Amino acid sequence: MNYYEQNLKLESIIGLVQILSQQSSFEEILRIISIKAIQLFETDSVQVMMLNPQTEHTIKTIYLEQKDDFLQDYHLLNVNIAGWVHKHRESFFSSDLSKDERFSPDLFKDIEVQSAICVILNIGNRAIGTLHLLSKRENKIFTQEDLDL
């Protein structure tokens with residue numbers, strides 16, 4: 001990503017923060033974040049999964065925004081990625097899930113998703129959920145630069 005592209009993305013994020021600061025509805029905040037993430041990262045799917053604060057196990061997908069041609073349900077994929085993120089307490093990205101050595105070799109071999117990003121959502125020092133970005137094969141391939149944004 002060149003300087004100009006990175007600057008445009010940062011300006012878009014600043015604009016997003018300004019919009020979110022005017023919102024009071026949690027659902028509306030999630031909707032705006034999801035729509036902007038699809039636009040900003042050229043991704044096919046954005047999902048927010050929440051955790052049970054006592055057990056830190058995933059309890060519910062509370063928001064899902066997808067492009068029209070992204071019809072599959074990838075609950076197993078998202079749960080495995082979220083589990084890795086919470087276990088290692090770090091953000092995750094993979095440019096090719098089918099070859100990602102952090103997972104069993106055949107776990108993601110028959111899925112149309114190639115690339116993924118997952119970050120922990122925190123309130124203070126406490127994890128409350130994860131934000132997932134998924135991209136199909138032949139579409140956007142995520143990079144470390146995307147994760148750094």
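1. A salt bridge here is a side-chain nitrogen of Lys or Arg within 4 Å of a carboxyl oxygen of Asp or Glu. With that in hand, have a look at Asp100 and Arg102, whose side chains meet in a salt bridge at 2.7 Å, N to O. Please keep in mind that this is a predicted model. Asp100 is buried, because its relative accessible area is 10% and buried means under 20%. Arg102, at 36% relative accessibility, counts as partly exposed.

2. Arg102 has a second feature to check. The charged end of Arg102 sits over the ring of Trp84, 5.0 Å from the centre of that ring. The residue that forms a salt bridge with Asp100 is therefore also placed over an aromatic ring, that of Trp84.

3. On to the other salt bridges: a search of the whole structure finds three. Asp96 pairs with Lys99, and the closest N and O atoms there are 4.0 Å apart. Asp96 counts as buried at 17% relative accessibility, whereas Lys99 counts as exposed at 65%. Asp146 and Lys140 also meet through their side chains, at 3.2 Å from N to O. Asp146 is buried too, with a relative accessibility of 2%.

4. Now the aromatic residues. The structure holds three aromatic pairs. Phe92 and Phe103 have ring centres 5.8 Å apart and planes at 70 degrees, so this pair is edge-to-face. It links distant parts of the chain: Phe92 belongs to strand β3 (residues 92-94), while Phe103 is in the loop between β3 and β4, 11 residues apart. Phe92 is buried, with a relative accessible area of 0%, and Phe103 counts as buried at 12% relative accessibility.

5. Phe103 has another ring partner. The centres of the Phe103 and Phe108 rings lie 5.1 Å apart with planes at 65 degrees, so this pair is edge-to-face as well. Phe108 counts as buried, at 3% relative accessibility. Ring pairs join Trp84, Phe92, Phe103 and Phe108 into a cluster, and the Trp84 ring in that cluster is the one with the charged end of Arg102 over it.

6. Next, the nonpolar interior. The largest nonpolar core has 14 residues, and those with the most contacts inside it are Leu77, Ile81, Phe92, Leu97, Ile111 and Val113. The elements giving two or more residues to this core are α3 (75-88) and β4 (113-123). The largest share, four residues, comes from α3. Phe92 thus appears in two settings, as one of the residues with the most contacts in this core and as a ring partner of Phe103.

7. Ile81 is a good residue to centre the view on. Leaving aside residues up to four places away in sequence, Ile81 touches Phe92, Leu97, Phe103, Ala116, Cys118 and His132. Among these neighbours are both Phe92 and Phe103, the two rings of the edge-to-face pair in point 4. There is also a second, separate core of 13 residues, which includes Val48, Met50, Phe142 and Leu147.

8. One last polar detail concerns Gln47, which lies in strand β1 (residues 45-51). Is Gln47 buried or exposed? Gln47 is buried, since its relative accessible area is 7%. The side chain of Gln47 makes a polar contact with the side chain of Asn78, at 2.8 Å.

Key:
Residues are numbered from 1 along each chain as its sequence is written. This is a predicted model: local features need pLDDT of at least 70, side-chain atom pairs count only at pLDDT 80 or more; totals for chains, interfaces and linings use all residues. Side-chain values use heavy atoms; hydrogens and water are left out. A nonpolar core is a set of buried Ala, Val, Leu, Ile, Met, Phe, Trp, Tyr and Cys residues joined through side-chain atoms within 4.5 Å. Buried means under 20% relative accessible area, exposed over 50%, partly exposed in between (1.4 Å probe, protein chains only). Contact means heavy atoms within 4.5 Å. Rings of Phe, Tyr and Trp (its six-membered ring) pair if their centres lie within 6.5 Å; planes under 30 degrees apart count as stacked, over 60 as edge-to-face and the rest as tilted. A charge sits over a ring if NZ of Lys or CZ of Arg is within 6 Å of the ring centre and within 35 degrees of the ring normal. A polar contact is a pair of N or O atoms within 3.5 Å; within protein, one must be able to donate a hydrogen and the other to accept it, and residues adjacent in sequence count only if both atoms are side-chain atoms.
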